[in-house]
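Let's walk through this structure together, one part at a time. Please have the sequence and the 3D view open side by side.

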Amino acid sequence: MIDLHSHTDESDGTCSPAQLIGEAARTGIHILGMTDHDTLRGFDKALPVARANGVELICGIELSTKLHGQSVHLLGYFLNDGDHGITEFRDWVLDMQASRRDRNVRLVARLQELGFNITLEEAEARGRGLTGRPHFAQLMVEKGYVSTLQQAFDEYLDESAKGYVYRREPQFAEGVERIRKAGGIASLAHPVRVRADIETLLPELCDVGMNAMEAYHSDHSPKDTSLYLALAERHGLLVTGGSDFHGAAKPSVRLGTGYGGNLQIPQDLVDRLKEAAPK
Ligand SMILES: [Zn+2]
Ligand SMILES: [Zn+2]
């Protein structure tokens with residue numbers, strides 16, 4: 001079995017990188033793509049464990065990018081092979097992490113200004129390597145400042161709310177360019193979540209160099225999957241797929257098989273990706 005979309009606790013999953021490899025080995029996954037949000041730290045930690053357990057680990061990432069004002073997730077694969085500017089890509093990822101941390105420092109100051117007793121340490125204890133606005137929202141609920149995460153966003157954290165502070169996020173096109181320059185494959189994550197007509201949008205995404213689409217995903221119905229497979233074919237895109245496993249954070253999504261077995265990723269999918277990835 002294969003699964004090309006999974007998260008460790010280096011981003012918002014709950015399994016450590018080693019635990020995720022253990023889970024893959026137990027489940028019978030022989031090729032695993034690790035795609036933490038905006039970091040390669042989980043992959044780096046997991047690689048020796050994967051080798052020891054006979055799991056083939058594919059280096060991936062899931063970038064949060066901006067596209068026409070909405071947040072769109074972009075997957076990158078094969079980011080650790082050869083020497084196609086991997087160092088430059090890794091530096092860029094570290095740079096984004098630094099800008100996220102800088103935003104968090106400013107966000108804490110802003111929230112304190114608004115009268116909330118919230119510290120960076122508290123937020124970072126919840127978010128680990130990837131502390132973001134959801135962790136601040138969580139704290140605001142825990143401390144009784146708001147009653148729901150939604151309210152925290154609506155009143156304080158959203159772009160138009162009074163606690164918002166700016167963070168530089170890459171545009172979708174820049175994400176694609178960075179991944180491709182590093183020799184990777186750039187795949188549109190869970191297209192079902194993109195709030196736009198995907199058929200209309202695709203030509204633009206292909207124009208900036210996106211070369212794959214995640215047709216198989218736990219959130220996709222069989223009808224969604226057929227549509228995305230047809231669109232991929234029409235636009236000459238490669239196909240990727242995975243469960244988007246997050247461990248106990250989304251307990252009903254199983255590694256390799258999605259919700260109650262709704263996910264079946266064909267075995268030859270990875271062969272095609274490998275053929276296409278620059279050597
Ligand atoms: Zn995503
Ligand atoms: Zn994901």
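The paragraphs below go from the domains to the sheet, then to the cores and two of the helices.

This is a predicted model, in which local features need pLDDT of at least 70 and side-chain atom pairs count only at pLDDT 80 or more, while totals for chains, interfaces and linings use all residues. Residues are numbered from 1 along each chain as its sequence is written, and chains are lettered from A and ligands numbered from 1 in the order in which they are written.

Let's begin with the domains. The chain is divided into domain 1 (2–92 + 169–276) and domain 2 (93–157), with bounds that come from an automatic or database domain assignment. Taken over C-alpha atoms, their centres are 27 Å apart. Domain 1 gives 13 residues to the contact and domain 2 gives 8 residues, where two residues are in contact if their C-beta atoms, placed from the backbone, lie within 7 Å. On the side of domain 1 that touches domain 2, the largest share, 4 residues, comes from helix 3 (residues 86–113). Helices (H or I, at least four residues) and strands (E, at least two) are DSSP runs, numbered from the N terminus.

Now look for the sheet. Its 7 strands form an open sheet in the order 1-2-3-4-5-6-7, with mixed pairing; two strands pair if DSSP finds at least two bridges between them. Strand 1 (2–3) and strand 7 (238–242) are at the edges with a single partner strand each, so one side of each has no neighbour in the sheet. Helix 2 (residues 41–53) packs on the sheet, where it touches strand 2 (31–34) and strand 3 (56–67), and its direction makes about 165 degrees with that of strand 3. Such angles run from 0 to 180 degrees between N-to-C directions, with axes that are lines fitted to C-alpha atoms, for helices over the stretch in contact.

Stay with strand 3 for a moment. Strand 2 runs parallel to strand 3, joined by 4 bridges, and Glycine 33 stands opposite isoleucine 58. With strand 4, strand 3 pairs in the antiparallel sense over 8 bridges, and here glycine 60 stands opposite tyrosine 77. These two strands form a hairpin with 2 residues between them, and histidine 68 in the turn has a positive phi of about 45 degrees. Because 9 of its 12 residues are buried, strand 3 is largely enclosed by the rest of the structure. A residue is buried if 20 or more other C-beta atoms lie within 10 Å of its own, exposed if 12 or fewer, and partly exposed in between, with C-beta atoms placed from the backbone.

Which residues have the most contacts inside the largest nonpolar core? They are Leu74, Tyr77 and Met213, in a core of 55 residues. A nonpolar core is a set of buried Ala, Val, Leu, Ile, Met, Phe, Trp, Tyr and Cys residues joined through C-beta atoms within 7 Å. Strand 3 gives this core its largest share, 6 residues. Apart from it lies another core, of 12 residues, including Tyr156 and Leu157.

Tyr156 and Leu157 also appear among the buried residues of helix 6 (residues 149–157), along with Ala152 and Phe153. These cover an arc of only 110 degrees around the axis, which puts them on the same side of helix 6; the arc is that of the directions from the helix axis to the C-beta atoms. They pack against helix 5 (133–142).

Finally, find leucine 201 in helix 8 (residues 198–207). Leucine 201 is partly exposed, because 16 other C-beta atoms lie within 10 Å.
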